[in-house]
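This report covers enclosed space and side-chain packing in one protein chain. Please keep the structure open while reading.

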Amino acid sequence: MAGNNDVMKGNPPGILLIRSMRGKDWSLKTYKYVVLLITFIAYTSYHASRKPSSIVKSVLHPHPFLNITVSNPWPMGPVFIKNETLVPIDLVHSKKKGWEPFNDEDGTSKLGEIDVAFLACYSIGMYVAGHLGDSLDLRLFLTTGMIGSGIFVGLFGMGYFWKIHAFWFYLLMQMVAGLFQATGWPSVVAVIGNWFGKRKRGLIMGIWNAHTSVGNISGSLMAAGVLEHGWGWSFIVPGAFIFFAGIIVYLLLPAYPEDVGFPCPNRPSSVEDLSATNDEEAQTVKENMVENGHDNVRRHGSGNRRSVGLLDACLIPGVIPFALCLFFSKLVAYTFLYWLPFYLSRTAIGGEYVSVKSAGNLSALFDVGGIVGGILAGHLSDKLDARATTAASFMYAAIPSMLLYRKYGSASKLMNILLMMIAGLFVNGPYALITTAVSADLGTHSSLRGDSRALATVTAIIDGTGSMGAALGPLLTGFLSTKGWDAVFIMLVVGALSAGLLLSRLVVSELSEKFSKRLPYGQHNSGGSASQPLLSDQK
C-alpha cells in the first residue's frame, strides 16, 4: 500500500477521520451525493453574502417614502399595501437619517459605484481565478476564496461599529470581496464536472444550480432579519455563513475523484463508462487500481494538476459564442436582480403599491421561476442533446414574456406574480444552463482528449465575460429608467435577442446533426464534418 500515500494526498481531513471511524470507505454514489451537497452549500453561501448591499441600501440612503404601518416584510407580513400608508420624508431636515457618506444627494450614485466596482473586480478576477483553479488544488483554492470573502464582507459591516464614514473604505472592501468572490463559480463547476460525466449532466446541474436562488433568498432573509439591530449585522451574519461554509469545504470536499481513489468520469477508462455506472463495480475497480499500484488515478489528482492557457481555452469550439451569449443573458438577468425590487416599489399593481422591504422579498418569486427554468432547460438539453438550441429557444421565449410582464404585470396582483415567474423561467433558464452544463461540457471537450484540466478556465472565460454584461445592464438601467421603464424593457428585449442570435451557428450545427440522423443510409455524410455538433463527446 505504499503507492496509496499519493492517492491520499488530496484527501480532505474530515473524510480521513470518517473513514478511520467507519473502518471502510464511502461508495462512489455516496461521494457524489457529498460533492453535490457541499458545493451546493458553498455557492449558496457565495450568493447569500452578495445580498446585504441590496437590502441595506434603503437604510444607508433613506427612501423618500417611509412605510409606517407594516412592521414585518413579506413573507412574515403583508405583501401588498395601499398607497395611502406611504408617507413622504423630508430628507433635507432629516440629516441624521441614513449613513454618511451615502445619505447625501449623490448617495444613490455612490451605492451604484460600489455595485459596479464589485462586479468589475468580480469579472476581472474570474479570468485569473479560473486559470488558478485548474493549476492549484481546487479544495484549497475554494476554501481560501470563501474565507477571504467572509472576512471582507464582514469588514464592510464592521464599518458600522467602527463608525467609519469614508467612502473609499466601503469601496475598497467591496472591490476586494469581488476578487475573492470570483474564486467560487469556476471552482464549484469544475468540481461537479470532475465527478459527473455528460450523461444527465444538464438535469443534474439544473437542479444543483438552484443554489443561486436559494442563496439570494436566504441572504435576503438573513440580512433583513438582523437589520433592526444595526445594518452592520446584515453583512456580518452572511459573512460568517460563507466563512464557516469554507471550513466545511476544507474538511469534507473531495475536489477530484482521483483524490479518493476513483477514476475521473471524463476519461475513456472511467468508472462511469463501466457497466452503466455500477456502484459496486466502481468500488472494485478502485480497490484493484490502488492495490496494483496503477498510476492512472494518482496522476491527475490534486497534487499534479496542469492547466491550459486562456488563449488555448478560448480556441475550444463553442467557448466564444457561448461566452458572448452569456454576456447578454446576464445583462438581462442581473438587471432584474438589481432593479426588480426598485421597479416593484414604484409600480402600482392593481392600484396598490408594495413596501420597499416587501418588494425585495416579492422579487424572490422571479428566482423561483428561475429555479424551474434551470431544471427545465437542463432536462430538455439532455433529452434533445442540444445545449445551444435549448438556450437560444429560451432566450427568444424570454422576449414576449418580458413584454407581457411590462404591459400586463400591473393589471392585478396575481397577474404580476404569474408573469414575473414566467419571465424568471425563460430569463434564468439559459443563464443557468450555460454557466453549468455547457461550461462543464466545453471544459471536458473531446479536443482535450478527456483531460478535465480546462474546466475552471473555460468556466471562468464564459462566466467572466457574462459578468461584464452583468455590470453593464444595471448601469445602463440607471440611466434609461430616468426616461421611463419602457426604455429599460426595450434594452432587455435587445439583449435577449442578441443572446439568441449569437448561438445561431451552433444551433444550425445541432439541427443539421439531428436532421442527418433521420436521412436514409448513405446520405448521413452529405453535410461533411460541419454536421458534427460542437458540444458532442466523441468517444
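The text below goes from the overall fold to cavities, core, aromatic rings and one helix residue.

**Overall fold**

The model is predicted. Its chain has 22 helices and four strands. Of the 539 residues in the chain, 56% are buried. Long-range contacts carry much of the count: among contacts between residues at least 6 apart in sequence, 82% join residues at least 24 apart.

**Cavities**

How many cavities of 30 Å³ or more does a search of the whole structure find? The search returns eight. The two largest are set side by side here.

| Cavity | Volume | Lining by class | Element giving the most |
|---|---|---|---|
| Largest | about 110 Å³ | seven nonpolar, three polar, two charged residues | α5, three residues |
| Second largest | about 80 Å³ | eight nonpolar, two polar, no charged residues | α15, five residues |

Take the largest cavity. Its lining consists of S49, R50, P52, S53, I114, D115, F118, V153, Q174, A177, F235 and Y338. Three elements give two or more residues to this lining: α4 (52–60), α5 (107–135) and α7 (167–181).

The second largest cavity is lined by T335, F336, W339, L340, Y343, T477, W485, V488, F489 and L492. Here the elements giving two or more residues are α15 (319–345) and α21 (485–501). No charged residue belongs to this lining, whereas the lining of the largest cavity has two.

**Nonpolar core**

Nonpolar side chains tend to be buried together in soluble globular proteins. In this model, the largest nonpolar core has 124 residues. Y170, W231, F322, F336, L344 and I462 have the most contacts inside it. Helix α15 supplies the largest share of this core, with 15 residues.

F336 links two parts of this account. It lines the second largest cavity, and it is among the core residues with the most contacts. Which residues does F336 touch, leaving aside its neighbours within four places in sequence? They are P341, F366, M402, V427, F489 and L492. Two of these partners, F489 and L492, also line the second largest cavity.

**Aromatic rings**

The whole structure holds 32 aromatic pairs. One of them joins F327 and F328: the ring centres are 5.1 Å apart and the planes lie at 80 degrees, so the pair counts as edge-to-face, a class that needs over 60 degrees. Are the two rings' residues buried or partly exposed? F327 has 18% relative accessibility and counts as buried, because the limit is under 20%. F328 has a relative accessible area of 25%, so it is partly exposed.

Ring pairs also build a cluster. Its members are W99, F102, F156, Y160, F161, F167, W168, F169, Y170, W231, W233 and F235. Y170 and W231 appear again among the core residues with the most contacts. F235 appears again in the lining of the largest cavity.

**A residue in α18**

T389 sits in helix α18, which covers residues 387–408. Is T389 buried or exposed? Its relative accessible area is 15%, so T389 is buried. Leaving aside neighbours within four places in sequence, T389 contacts V507, E510 and L511.

Methods: Residues are numbered from 1 along each chain as its sequence is written. This is a predicted model: local features need pLDDT of at least 70, side-chain atom pairs count only at pLDDT 80 or more; totals for chains, interfaces and linings use all residues. Side-chain values use heavy atoms; hydrogens and water are left out. On a 1 Å grid over the protein atoms alone, a cavity is a set of points where a 1.4 Å probe fits but cannot get out, and a pocket is an open set with protein on both sides within 12 Å along at least five of seven lines; lining residues have an atom within 4 Å of a point. Grid points are joined across faces, edges and corners, and a volume is the space filled by probe spheres set on the points. Ala, Val, Leu, Ile, Met, Phe, Trp, Tyr, Cys and Pro count as nonpolar, Asp, Glu, Lys and Arg as charged, and the others, Gly among them, as polar. A nonpolar core is a set of buried Ala, Val, Leu, Ile, Met, Phe, Trp, Tyr and Cys residues joined through side-chain atoms within 4.5 Å. Buried means under 20% relative accessible area, exposed over 50%, partly exposed in between (1.4 Å probe, protein chains only). Contact means heavy atoms within 4.5 Å. Rings of Phe, Tyr and Trp (its six-membered ring) pair if their centres lie within 6.5 Å; planes under 30 degrees apart count as stacked, over 60 as edge-to-face and the rest as tilted.
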